[in-house]
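Me: Could you walk me through the charged pairs and the nonpolar packing in this model? I'd like the cut-offs along the way.

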Amino acid sequence: MRNTVKDEKFAGKLDPANKRKIEKAIDEAVEWLDRNQLAEVEEFEDKQKELEGLCNPIIAKMYQGAGGDVPMGGAQMPGGGFGNASSAGSEAGPKIEEVD
């Protein structure tokens, strides 16, 4: 998502206030990840859903205003973001296995 927001084609269609909002949320999520590397899988998933919950409506609104000419593949988050938030992480992304 961070790279997508910095992409000129994408960023030019995004409202500057919304861009700042997304960038701030991404920075906070990265900081959380740095501080919580030993968190449970559910905590990571909750954090991802929280970030997607903020970003998805902004991106969807941008796509509606752009008439669909923004390439969807360039705006997805790892884990299948920007689709249905309930399906995020269930189809793509790394698999986490517990090791005893």
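Here are some questions and answers on salt bridges and the core.

Me: Happy to start with the ground rules; what kind of model is this, and how are residues numbered?
Reply: This is a predicted model, where local features need pLDDT of at least 70, side-chain atom pairs count only at pLDDT 80 or more, and totals for chains, interfaces and linings use all residues. Side-chain values use heavy atoms, with hydrogens and water left out, and residues are numbered from 1 along each chain as its sequence is written.

Me: How many salt bridges are there?
Reply: A salt bridge here is a side-chain nitrogen of Lys or Arg within 4 Å of a carboxyl oxygen of Asp or Glu. By that rule, the count is 3.

Me: Which residue forms a salt bridge with aspartate 27, and is aspartate 27 exposed or partly exposed?
Reply: Helices are DSSP runs of H or I with at least four residues, and strands are runs of E with at least two, numbered from the N terminus. The pair links distant parts of the chain, 25 residues apart, with one partner in helix H3 (residues 16-35) and the other in helix H1 (residues 2-6). Aspartate 27 has 37% relative accessibility, so it counts as partly exposed (buried is under 20% relative accessible area, exposed over 50%, partly exposed in between; 1.4 Å probe, protein chains only). The closest N and O atoms are 2.5 Å apart, and the partner is arginine 2.

Me: In which helix do glutamate 28 and lysine 24 lie?
Reply: Their side chains meet in a salt bridge at 3.9 Å, N to O. Glutamate 28 is partly exposed at 43%, whereas lysine 24 is exposed at 53%. The two are 4 residues apart, about one turn, and both lie in helix H3.

Me: What is the distance between the closest N and O atoms of lysine 47 and glutamate 50?
Reply: Because they are 3 residues apart in helix H4 (residues 41-66), the two are separated by about one helical turn. Glutamate 50 is exposed, at 52% relative accessibility. The closest N and O atoms of their salt bridge are apart by 3.6 Å.

Me: Which element gives the largest share of the largest nonpolar core?
Reply: A nonpolar core is a set of buried Ala, Val, Leu, Ile, Met, Phe, Trp, Tyr and Cys residues joined through side-chain atoms within 4.5 Å. Of the 14 residues in the largest one, Met1, Phe10, Leu14, Ile22, Leu51 and Ile59 touch the most other members. The elements giving two or more residues to this core are H3 and H4. The largest share, 6 residues, comes from H4.
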